[in-house]
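Student: Please take me through one part of this model in detail. I would like to start inside a chain and then move out to where the chains meet.

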Amino acid sequence: MRTALVDRPLDPTALLAEVAAVSSGASTLFVGTVRRSNQGRAVTGIDYSAYAPMAEAEMQRIAEEAVARFGTPHVVVEHRLGTLTLGEASIAIAVSHERRAAAMDAQRYIIEEFKARVPIWKREHYVDGDRAWVDNQGGAVAV
Amino acid sequence: MTPSVKHRVQLFASWSDTLGPEVEVELPAGARVADLLETLETQAKSKSITPLPRPSVALNQRYAKPDAVLAAGDEIAIIPPVAGG
């Protein structure tokens, strides 16, 4: 099990290789990417920032919960910080497990808990030059 | 008179934009997370015409409940609604 905040482009297939195990019959890879529009506004990129020490601690806690709850040690998560352009990956989660259902459930658990708990924020940049902090429901929040 | 304690508080995202990345808040000894939030929300109202989103508060890198008591030397952070992933 490993989690990390990184400031370089993610390599999701490397994470998949990292969780590979002959005891596993299923491997899953989730990749979150920057999309071109949000709430009808054209997005050009997103700045990701964090309260890094707590974000790292909270990422680790969530991964440990997933390991305990779903019974696989093969969990690797990386979240990227900095300025990302369209199509770039912000998060990659790889899980492998003896069984597919548990692998998929573990991955779903990790992404949902990350979005609710890890102190990371995104500020979207728009075509018109405006910028706004966004929440996890996708809406712009007060600036 | 109740002795007061100075707490250093880190802020992020929209709260950092409004009050800066770090502030010092003086509160009576035994003050709780809710008291800290009330003080900071008053300060934010004087600096921003748009209301800021209600944040969570972390003590020593863990989310804290509103009735948690602040101790001198705690690492305190104001956590606006998060948006990772």
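Tutor: Start with I110(A). This is a predicted model, and beyond its neighbours within four places in sequence, I110(A) is in contact with I62(A), A66(A), V75(A), V77(A), I93(A) and V95(A). I110(A) also belongs to the largest nonpolar core, which has 31 residues. Along with F114(A) and I120(A), I110(A) is among those with the most contacts inside that core. Several elements of chain A build this core: β4, α2, β5 (75-80), β7, α3, β8 and β9 each supply at least two residues. In soluble globular proteins, nonpolar side chains tend to be buried together. A second, separate core has 20 residues, including W15(B), L19(B), V25(B) and L36(B).

Stay in chain A and look at T3(A). T3(A) sits in strand β1, residues 2-6. Its relative accessible area is 16%, so T3(A) counts as buried. The side chain of T3(A) makes a polar contact with the side chain of Q60(A), at 2.8 Å. Leaving aside neighbours within four places in sequence, T3(A) also touches E56(A), M59(A), A63(A) and V77(A). V77(A) is thus a contact of T3(A) and a contact of I110(A).

Now the interface. Chain A brings 28 residues to the contact and chain B brings 23 residues. About 2,000 Å² is buried between chain A and chain B, and carbon and sulfur atoms give 59% of that area. Between the two chains, 12 residue pairs are in polar contact, with both residues at pLDDT 80 or more. On the chain A side, the elements that give two or more residues are β4 (41-50), α2 (52-70), β7 (89-97), α3 (100-117), β8 (120-126) and β9 (131-134). The largest share, 5 residues, comes from α2(A). Sorted by class, the chain A side has 18 nonpolar, 3 polar and 7 charged residues.

The rule finds 1 salt bridge across this interface. The side chains of D17(B) and R123(A) form a salt bridge, with 3.2 Å from N to O.

Finish on chain B with G73(B). G73(B) lies in the loop between β4 (62-64) and β5 (76-79) of chain B. Its relative accessibility is 75%, so G73(B) counts as exposed. T3(A), by contrast, is buried. G73(B) and V9(B) are 64 residues apart in sequence. In space, their C-alpha atoms are 10 Å apart.

Note on methods:
Residues numbered from 1 in each chain as written. Chains lettered and ligands numbered in written order. Predicted model: local features only at pLDDT ≥ 70, side-chain atom pairs only at ≥ 80, totals over all residues. Heavy atoms only, no water. Contact = heavy atoms within 4.5 Å. Buried area = accessible area lost by both parts, 1.4 Å probe. Salt bridge = Lys/Arg side-chain N within 4 Å of Asp/Glu carboxyl O. Polar contact = N/O pair within 3.5 Å; in protein donor to acceptor, adjacent residues only side chain to side chain. Helix = DSSP H or I, 4+ residues; strand = E, 2+ residues; numbered from the N terminus. Nonpolar A, V, L, I, M, F, W, Y, C, P; charged D, E, K, R; others polar. Core = buried A, V, L, I, M, F, W, Y, C linked by side-chain atoms within 4.5 Å. Buried < 20%, exposed > 50% of the residue type's maximum accessible area, 1.4 Å probe, protein only.
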